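Please study the structure shown below before attempting the exercises. Each task is followed by a solution in steps.

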Amino acid sequence: MDKREIKSVIEGLLFTWGDPLSIKDIRDVLEIPEKEVNDILHEMIDEFNYERRGIQILKTNNTYQLGTRAEHFEWMKKLCVPKESKTLSAAALETLSIIAYKQPIIKSEIEAIRGVKCDKAISTLLEKKLIKEAGRLEKTGRPILYGTTDEFLKCFGLDTLKQLPQLKEIIEDKEEKNI
């Protein structure tokens, strides 16, 4: 199979599957080396961007997925009627921030940082699949550890957690604005 055909199959796989696919998944289907799949995917990303296509290949935690371009949002929203509110309350955002920076973390540690209960916020974040149960702490009661999900990364346009702004940068920015 030539490279053009491989690209066509990869595009079809990403479109048909809908959810993110790993290079290993694509490699297994195409039966070609992982490096070749990786090189072709990055070439496709560059081509889609250069051609300003209506869709793009999104990379999140070493998985790939087709998505529309953010700059076309105004047109897309005319066609789509939202099913539910996508906004988060201030409490949920605070809780999500704490989890993102301190993960894995248990509920009592989140509540100690926030100074208030966070049951509703955690429930909302789990419902929206922005956080997940990341295991249990090996101590009395075996409390649940929470961490962020790939959905969190997608929602905030991040490839990895390393792209989160450093807390020092946020504090300095806040001080500059006298907030």
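The exercises below treat the nonpolar cores, one helix, the aromatic rings and a sheet.

The model is predicted, so local features need pLDDT of at least 70 and side-chain atom pairs count only at pLDDT 80 or more, while totals for chains, interfaces and linings use all residues. Residues are numbered from 1 along each chain as its sequence is written, and side-chain values use heavy atoms, leaving out hydrogens and water.

**Exercise 1.** Determine which elements give two or more residues to the largest nonpolar core.

Solution. A nonpolar core is a set of buried Ala, Val, Leu, Ile, Met, Phe, Trp, Tyr and Cys residues joined through side-chain atoms within 4.5 Å. Buried means under 20% relative accessible area, exposed over 50%, and partly exposed in between, with a 1.4 Å probe and protein chains only. The largest core has 18 residues, and Leu 96, Ile 99 and Ile 131 are among those with the most contacts inside it. The contributing elements are helices H5 (90-102), H7 (119-127) and H8 (150-155); the largest share, five residues, comes from H5. Helices (H or I, at least four residues) and strands (E, at least two) are DSSP runs, numbered from the N terminus. A second, separate core of 17 residues includes Ile 23 and Tyr 64.

**Exercise 2.** Compare the span of H5 with its expected value, and list its buried residues.

Solution. The expected span is 1.5 Å times one less than the number of residues. The 13 residues of H5 should therefore span 18 Å, and its end C-alpha atoms are 18 Å apart, in agreement. The buried residues of H5 are Ala 92, Thr 95, Leu 96, Ile 98, Ile 99 and Ala 100.

**Exercise 3.** Classify the aromatic pair of Phe 152 and Phe 156.

Solution. Rings of Phe, Tyr and Trp (its six-membered ring) pair if their centres lie within 6.5 Å; planes under 30 degrees apart count as stacked, over 60 as edge-to-face and the rest as tilted. Here the centres are 5.0 Å apart and the planes 45° apart, which makes the pair tilted. Phe 152 is buried, at 3% relative accessible area, whereas Phe 156 is partly exposed, at 42%.

**Exercise 4.** Which strands stand at the edges of the open sheet?

Solution. Three strands lie in the order S1-S3-S2, with antiparallel pairing. Two strands pair if DSSP finds at least two bridges between them; S2 and S3 (63-68) have six. S1 (21-22) and S2 (55-60) each have a single partner strand, so these two stand at the edges.
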